[in-house]
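Grab your viewer and a notepad. Below are some short exercises on one structure, each followed by a worked solution.

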Amino acid sequence: MTHSCPTNTSFSELHLTGIPGLQHLHHWISIPFCIMYLVMLAGNGTLLCVIKADPSLHLPMFLFLSMLAVIDLVMSTSITPKMLGIFWFHSTAISLDACLTQMYFVHAFSVMESGVLVAMAFDRYVAICNPLRYLSILTSPVVAAIGLAIVLRAVVFMTPLTFQIHCLPLCSPAVVDHSYCEHMAVLKLACGDAAFSNTYSLSISTYVGSFDSLLIALSYALILRAVLSLSSPQARKKTFSTCGPHLCIMALFYIPGLLSMYLERYHQELPPHVQVLLADLYLLIPPAFNPLIYGIRMKQIRDAARRVLSR
């Protein structure tokens with residue numbers, strides 16, 4: 001006889017509060033949020049179009065960049081339109097199924113983005129430290145395998161997380177004190193034993209954040225060692241100007257994300273709007289700046305964009 005989790009029949013609709021304590025400022029907060037979303041759409045959309053249209057950009061470096069652009073588009077679009085609906089029209093209602101779907105997309109694509117950042121750091125390491133073997137190391141099958149591994153890791157890690165929430169009875173008032181269906185915020189509605197789900201979420205987030213950032217730090221440390229051995233000051237300056245912004249935008253992705261999770265878990269006395277804003281900004285700022293930092297600043301992208309426009 002097969003066993004399955006009980007169907008959650010406590011309620012079928014939840015209500016998102018937006019940013020708790022700052023509801024009177026929602027219209028003003030929506031302005032930078034909307035601008036960042038539009039910048040994200042324009043930047044990542046342009047990047048994908050340019051990379052697809054110009055054959056000279058069909059290289060591993062730009063394939064990873066395309067993966068990052070797609071992930072940013074999906075991750076931001078899964079939360080921002082609903083968030084703006086809350087800010088502008090007080091449209092707080094969201095069905096339980098839609099909430100769980102949003103939760104899955106947000107967390108799964110966050111893990112994918114972290115994996116792509118690791119792949120891009122490895123790509124930079126190979127390009128700078130082994131330039132003559134770059135295309136022989138990062139062949140098309142290798143890039144495809146890396147992309148598949150990134151997707152599978154996110155699915156394997158995040159599917160149990162959403163399934164656990166689906167199995168828990170939600171008995172509290174159906175109000176999520178957040179601007180999107182963040183796992184820890186939804187978990188507060190559970191009236192069953194949520195200890196395992198809580199621990200699993202914390203463990204996976206800590207593992208992904210610490211392990212991936214460690215790999216990125218190792219890649220850039222090796223790059224730094226190779227750069228310092230270069231005799232040309234101009235080459236060193238060029239490499240530093242490229243890698244520095246990369247590390248800054250990665251810090252903007254990892255630090256607020258981990259902070260919001262740990263603050264949500266361990267520091268309940270902190271103002272709720274601080275926790276929610278941290279969680280919002282780590283999903284909005286990096287996707288808006290990634291096309292600029294990783295794409296538009298690159299000469300190859302700018303040259304390809306001119307060629308595409310000239311046609």
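## Exercise 1: a charged trio in a helix

At 22% relative accessibility, D303 counts as partly exposed. Keep in mind that this is a predicted model.

**Task.** Work out which residues pair with D303 and how they sit along the helix.

**Solution.**

- Step 1. Start with K299: its salt bridge with D303 has the closest N and O atoms 2.8 Å apart.
- Step 2. Check the spacing. K299 and D303 are four residues apart in helix α10 (residues 299-310), so about one helical turn separates them.
- Step 3. Now try R306. This residue also forms a salt bridge with D303, and here the closest N and O atoms are 2.8 Å apart.
- Step 4. R306 and D303 are three residues apart in helix α10, which again puts about one helical turn between them.
- Step 5. Look at the solvent side. K299 has a relative accessible area of 52% and R306 is at 51%. The cut-off for exposed is over 50%, so K299 counts as exposed, and so does R306.
- Step 6. Put the pieces together: K299, D303 and R306 are linked in a network of salt bridges.

## Exercise 2: a pair between helices

**Task.** The structure holds five salt bridges. Take the one between R153 and D212 and say which parts of the chain the pair ties together.

**Solution.**

- Step 1. Get the distance: the closest N and O atoms of R153 and D212 are 2.7 Å apart.
- Step 2. Place both ends. R153 lies in helix α5 (residues 140-167) and D212 in helix α7 (residues 195-228), so the salt bridge ties together parts that are 59 residues apart in sequence.
- Step 3. Is D212 buried or exposed? Its relative accessible area is 2%. Buried means under 20%, so D212 is buried.

## Exercise 3: the pocket beside that pair

**Task.** Describe the second largest pocket by its volume, its lining and the classes of its residues.

**Solution.**

- Step 1. The volume comes out at about 160 Å³.
- Step 2. List the lining: G115, V118, A119, I146, A149, I150, R153, Y207, F211, D212 and L215. Both partners from Exercise 2, R153 and D212, are among them.
- Step 3. Sort by element. α3 (96-129), α5 and α7 are the ones that give two or more residues to this lining.
- Step 4. Sort by class: eight residues are nonpolar, one is polar and two are charged.

## Exercise 4: the enclosed space

**Task.** How many cavities of 30 Å³ or more does the structure hold, and what lines the largest cavity?

**Solution.**

- Step 1. The count is one.
- Step 2. About 380 Å³ of space lies in the largest cavity.
- Step 3. Its lining has 23 residues, and H107, S110, S205, G257 and Y282 lie nearest the centre.
- Step 4. At least two lining residues come from each of α3, α5, α6 (183-187), α7, α8 (233-266) and α9 (272-296). α8 gives the largest share, with six residues.
- Step 5. By class, the lining divides into 13 nonpolar, nine polar and one charged.

## Exercise 5: a greasy spot on the surface

**Task.** Find the nonpolar surface patch that includes L25, then place L25 in the fold.

**Solution.**

- Step 1. L25, W28, I31, I35 and V39 make up the patch, and together they have about 490 Å² of accessible area.
- Step 2. L25 sits in the loop between β1 (13-16) and α1 (26-53).
- Step 3. With 33% relative accessibility, L25 counts as partly exposed.

Notes
Residues are numbered from 1 along each chain as its sequence is written. This is a predicted model: local features need pLDDT of at least 70, side-chain atom pairs count only at pLDDT 80 or more; totals for chains, interfaces and linings use all residues. Side-chain values use heavy atoms; hydrogens and water are left out. Patches are made of residues with over 30% relative accessible area and no salt bridge: like charges are joined within 9 Å, nonpolar side chains (Val, Leu, Ile, Met, Phe, Trp, Tyr) within 5 Å. Accessible areas come from the Shrake-Rupley method with a 1.4 Å probe; for residues, only the protein chains shown count as cover. A salt bridge is a side-chain nitrogen of Lys or Arg within 4 Å of a carboxyl oxygen of Asp or Glu. Buried means under 20% relative accessible area, exposed over 50%, partly exposed in between (1.4 Å probe, protein chains only). On a 1 Å grid over the protein atoms alone, a cavity is a set of points where a 1.4 Å probe fits but cannot get out, and a pocket is an open set with protein on both sides within 12 Å along at least five of seven lines; lining residues have an atom within 4 Å of a point. Grid points are joined across faces, edges and corners, and a volume is the space filled by probe spheres set on the points. Ala, Val, Leu, Ile, Met, Phe, Trp, Tyr, Cys and Pro count as nonpolar, Asp, Glu, Lys and Arg as charged, and the others, Gly among them, as polar.
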